Amino acid sequence: MGITRLPSAGFSITIRIAVTADASSIGRLTTAVGEADAIVTALDVVDSDPTSVIVDLTCDTADAGHAEQVVDALTALDGVDVRKVSDRTFLLHLGGKIEVSSKVALRTRDELSRAYTPGVARVCMAIAENPADARRLTIKRNTVAVVSDGSAVLGLGNLGPAAALPVMEGKAALFKRFGGVDAWPVVLDTQDTDEIVAIVKAIAPAYGGINLEDIAAPRCFEIEARLRELLDIPVFHDDQHGTAICVLAALTNALRVVGKQLADVRVVVSGAGAAGTAIMKLLLRQGVGDIVAYDRQGALHRGLPDLNPAWQWLAENTNKENYSGDLPGALRGADVFIGVSAPNLLTGDDIATMAKDSIVFALANPDPEVDPREARKHAAVVATGRSDQPNQINNVLAFPGVFRGMLDAHAEEFTEEMAIAAARAIADVVGEEKINPTVIVPSVFDSRVAPAVAAAVRAAAQHPATTPPPAADPGPADLPEIAANASATP
């Protein structure tokens, strides 16, 4: 069939099929699925009699159209009756993915009197007298607001708050699963910067941290900066900082694999939006050799007209050779490619022009900038944002542990020192003895990751560095519009 997109669990379907009971029937089903370029992940016998067998066949497909093609291929087989097709992703989302559960049993009048009126009045008065006690006596100590206006949902664009809610629910579930953090979606029916800042400021007393999510640039930068000034709790834009932390961690280990130093490599970054800008700033502050930033206007270089202040800053602080050509040209001789932009921008032949032992992080989701199968023919290390490929660079490696550490430290802000500490912790979890071209980051299910990140962030919060950031850093309100798909967030 020749599909170009990779099948994934995100388009997994279960097909209930009745098939004649003969020795070849099951084999014909799985062969048909394979010939349709889908991947069989399960086959369960539901019922049988002397003449027929009913099975549930589960397979990963590439998209909704591909799923229909798989069903059509099965339907066309002799002796096959396709009875029902279930989309497993939609089934998982029925009724939402999170709920509130009480920590108090409330079995007796005594318990009710202490948890609610009249006993709760004493706790209210204690907090009124000493507001700092809210961290000790309420959910504030362990609760994060996941805030979005739905203006940049994954790589899908401006879908609005209701359509953003499934992503925010998922984010809250990840917070709980991996960090033990109670998070709650807060989707806002406004995309006005002033209103968003005012609303978040107004609800902040209930939370120990704010996670900004899927808010389009450049508003996301201004919103984050203003909230950091106004609030005494950490404000963290995961599309920026979570992605940058995970990329730095992965690059640290990838460079160990190929035996190169960060100070000696040239990096090409496709996508100078929220994620790309945060990645480049973190790499620059870690002493990267050189970076060429590429976006819709081309390679950012000195002399390029009509640059906003943020891109002007990048042009002046990257691209030492002042390269002004196209993206494939920028790759020639480069050591590292980092894509946080759009799918299918490059080919395997483009990767072949990179330096020996090159590193490719193609992180656009769901389809990366270059087919990872083609990239692996030429690059020493390849990573994507996909869970079905080796070296998944996923923000879930960072944000649960980052917030766990900040909450435990009663931190009032998120800092660059925390970002660097988190990246080092993620990289070190792998262990030098286990690092290889297909293992540069730990699994998101590695139980050591979140505690290691939390401990590192907690230490950074309690013992902050005194070195100030570069004075030439661009102002947050001046940062550019985000490139399409520019996030490694699930």
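## Exercises on a predicted model

The sulfur of cysteine 246 lies 18 Å from the closest cysteine sulfur, in cysteine 220, which is too far for a bond. Keep that in mind as you work through these exercises, and remember that the model is predicted.

### Exercise 1: cysteines

Work out how many disulfides the structure holds, and why cysteine 220 and cysteine 246 are not joined.

Step 1. Start with the idea itself: a disulfide is a covalent bond between the sulfur atoms of two cysteines.

Step 2. Recall the cut-off: the two sulfur atoms must be within 2.5 Å.

Step 3. Now take cysteine 220. Its closest cysteine sulfur is that of cysteine 246, 18 Å away, so the pair is too far apart for a bond.

Step 4. Look at the surroundings too. Cysteine 220 is buried, with a relative accessible area of 1%, and cysteine 246 is buried, also with 1%.

Result: a search of the whole structure finds zero disulfides.

### Exercise 2: helices α7 and α16

Decide whether α7 and α16 are roughly parallel or roughly perpendicular to each other, then describe their contact.

Step 1. Find helix α7 at residues 161–179 and helix α16 at residues 399–408; they pack at an angle of about 70°, with axes 9 Å apart.

Step 2. Angles of 65 to 115 degrees count as roughly perpendicular, and α7 and α16 are therefore roughly perpendicular to each other.

Step 3. Add the handedness: α7 passes α16 in a right-handed crossing.

Step 4. List the partners. From α7 come Lys171, Leu174, Phe175, Phe178 and Gly179, and they meet Phe399, Pro400, Phe403 and Arg404 of α16.

Step 5. Sort these residues by class: six are nonpolar, one is polar and two are charged.

### Exercise 3: helices α11 and α12

Describe how α11 and α12 pack, and name the residues that make the contact.

Step 1. Helix α11 covers residues 274–285 and helix α12 residues 309–317; the angle is about 35° and the axes are 12 Å apart.

Step 2. The crossing of this pair is left-handed.

Step 3. On the α11 side, the contact uses Thr277, Met280, Lys281 and Leu284, while α12 supplies Trp313, Leu314 and Asn317.

Step 4. By class, the contact has four nonpolar, two polar and one charged residues.

### Exercise 4: valine 269

Find out where valine 269 sits and whether it is buried or exposed.

Step 1. Valine 269 belongs to strand β9, residues 266–270.

Step 2. Its relative accessible area is 0%, so valine 269 is buried.

Step 3. Beyond its neighbours within four places in sequence, valine 269 has contacts that include Gly276, Met280, Ile291 and Val340.

Definitions and conventions:
Residues numbered from 1 in each chain as written. Predicted model: local features only at pLDDT ≥ 70, side-chain atom pairs only at ≥ 80, totals over all residues. Heavy atoms only, no water. Axes fitted to C-alpha atoms, helices over the stretch in contact; angles between N-to-C directions. Helix = DSSP H or I, 4+ residues; strand = E, 2+ residues; numbered from the N terminus. Left-handed = near helix turned anticlockwise from the far one by under 90°. Contact = heavy atoms within 4.5 Å. Nonpolar A, V, L, I, M, F, W, Y, C, P; charged D, E, K, R; others polar. Buried < 20%, exposed > 50% of the residue type's maximum accessible area, 1.4 Å probe, protein only. Parallel < 35°, antiparallel > 145°, perpendicular 65-115°, else oblique.
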